Amino acid sequence: MLVQHQNMINPDGCTRTDHLILRLADPFFKEMYAMLLSAHASNKQVQLHVSGCEQNFPIVTVTASFG
């Protein structure tokens, strides 16, 4: 699943910087996806941690909601 983020981050120099990838195989995929949907629906900000690249996109590894 691809995620667009307002302030794109790319610490590992992935070649794609227009979206981040949320991996279906991640053990916390459902929780992160649900949090992103909830934050979007309630117009809340989220903070994402990324590590590594997959299909040339930065990989989301941790999500946090605030605001």
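Begin by selecting Arg23, which is partly exposed, with a relative accessible area of 32%. The model on display is a predicted one, and this tour proceeds from Arg23 to its charged partner, then to a second pair, two loop residues and the nonpolar core.

**First stop: the pair of Glu54 and Arg23**

Add Glu54 to the selection and display both side chains. Glu54 and Arg23 form a salt bridge, with a distance of 3.5 Å from N to O. The two residues lie 31 residues apart and link distant parts of the chain: Glu54 belongs to strand β3 (residues 45–54), whereas Arg23 sits in the loop between β2 (20–21) and α1 (29–41). Glu54 is partly exposed as well, its relative accessible area being 29%. As a general matter, side chains of opposite charge can pair when their charged atoms come close.

**Second stop: the pair of Arg16 and Asp18**

How many salt bridges does the structure hold? There are two. To see the other pair, select Arg16 and Asp18, whose side chains meet in a salt bridge at 2.7 Å, N to O. Arg16 has a relative accessibility of 35% and counts as partly exposed. Asp18, at 32%, is likewise partly exposed.

**Third stop: two loop residues with positive phi**

Move next to Asn43, in the loop between α1 and β3. Although Asn43 is not a glycine, its phi is positive, at about 60°. Is Asn43 buried or exposed? Asn43 is exposed, with a relative accessible area of 72%.

Then select Gln55, which is found in the loop between β3 and β4 (57–66). Gln55 also is a residue other than glycine with a positive phi, here near 55°. With 58% relative accessibility, Gln55 counts as exposed.

**Fourth stop: the largest nonpolar core**

Select Val3, Leu20, Leu22, Phe29, Met32, Leu36, Leu48, Val50 and Val60 together; these nine residues make up the largest nonpolar core. Which elements give two or more residues to this core? They are α1 and β3. Of the elements, α1 gives the most, with three residues. In soluble globular proteins, nonpolar side chains tend to be buried together.

**Last stop: the surroundings of Val60**

Finally, keep Val60 selected and display the residues around it. Neighbours within four places in sequence aside, Val60 is in contact with Leu20, Ile21, Leu22, Asp26, Met32, Leu48, His49 and Val50. Among these contacts, Leu20, Leu22, Met32, Leu48 and Val50 are members of the largest nonpolar core, to which Val60 itself belongs.

Note on methods:
Residues numbered from 1 in each chain as written. Predicted model: local features only at pLDDT ≥ 70, side-chain atom pairs only at ≥ 80, totals over all residues. Heavy atoms only, no water. Salt bridge = Lys/Arg side-chain N within 4 Å of Asp/Glu carboxyl O. Buried < 20%, exposed > 50% of the residue type's maximum accessible area, 1.4 Å probe, protein only. Helix = DSSP H or I, 4+ residues; strand = E, 2+ residues; numbered from the N terminus. Core = buried A, V, L, I, M, F, W, Y, C linked by side-chain atoms within 4.5 Å. Contact = heavy atoms within 4.5 Å.
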